[in-house]
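Visitor: I have a new model open and would like to learn how to read it. Could you walk me through it?

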Amino acid sequence: MEFEQTTIKTTAHFLATARYMAVLNLVLLIASLIKEHCIVFNLLLAVALLYLHIRLDFDQRIFANSQNFNEFDRTLVTLGLLKQTKARSVTERAKGAIRLWYSAFFATLAQLGVWLI
């Protein structure tokens with residue numbers, strides 16, 4: 001049980017770092033719009049990154065405030081936000097959230113690469 005709590009807290013703190021990426025994403029988007037550089041591609045990246053950052057913020061809040069993920073899953077099903085769910089461990093949930101963070105990180109690298117071209 002203590003390992004689960006440590007995993008939950010560590011994941012919440014790790015996901016909170018996505019805010020710094022979001023600031024960089026916004027700066028790069030504004031810079032590309034000002035320079036009129038690859039605007040269409042940068043706007044598509046911005047939309048994808050916005051989605052990723054919304055998901056990351058949501059996941060971060062869940063990890064920071066939830067102690068019972070089974071209850072959370074039942075709530076999602078009750079609200080119609082999820083059709084059904086299989087039981088997942090805290091470690092599986094944390095790994096999924098971290099994969100999402102890495103997706104945002106690599107999209108940020110792509111955005112930076114396009115801006116540097």
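**Reading a helix, a core and a pocket**

Guide: Gladly! Keep in mind that this is a predicted model. Let's start with the lining of the largest pocket, to which H3, H4 and H5 each supply at least two residues.

Visitor: Which helix gives the most to that lining?

Guide: That is H3, with five residues. As a general idea, rolling a probe the size of a water molecule over the atoms shows where empty space is left. Here the largest pocket has a volume of about 370 Å³. Its lining has 17 residues, and the closest to the pocket centre are Arg55, Asp59, Phe72, Arg88 and Arg93.

Visitor: How many residues of the lining are nonpolar, polar and charged?

Guide: Nine are nonpolar, two polar and six charged.

Visitor: And how do I read the buried side of a helix, say H5?

Guide: An α-helix has 3.6 residues a turn, so residues three or four places apart point the same way. H5 runs from 90 to 116 and reaches 39 Å from its first C-alpha to its last. Its buried residues include Val90, Arg93, Ala97, Leu100, Ala104 and Ala107. Helices H1, H2, H3 and H4 are among what covers the buried residues of H5.

Visitor: Which residues touch the most other members of the largest nonpolar core?

Guide: In soluble globular proteins, nonpolar side chains tend to be buried together. In this core of 21 residues, Leu15, Leu52, Leu56, Phe63, Phe69 and Trp101 touch the most other members. H5 gives the most to this core, with seven residues. Try clicking on Phe63: beyond its sequence neighbours within four places, its contacts include Ile8, Leu15, Phe69 and Ala97.

How values were computed: Residues numbered from 1 in each chain as written. Predicted model: local features only at pLDDT ≥ 70, side-chain atom pairs only at ≥ 80, totals over all residues. Heavy atoms only, no water. Helix = DSSP H or I, 4+ residues; strand = E, 2+ residues; numbered from the N terminus. Expected span 1.5 Å × (residues − 1). Buried < 20%, exposed > 50% of the residue type's maximum accessible area, 1.4 Å probe, protein only. Contact = heavy atoms within 4.5 Å. 1 Å grid on protein atoms, 1.4 Å probe; cavity = no way out; pocket = protein on both sides within 12 Å on 5 of 7 lines; lining within 4 Å. Points joined across faces, edges and corners; volume = space filled by probe spheres on them. Nonpolar A, V, L, I, M, F, W, Y, C, P; charged D, E, K, R; others polar. Core = buried A, V, L, I, M, F, W, Y, C linked by side-chain atoms within 4.5 Å.
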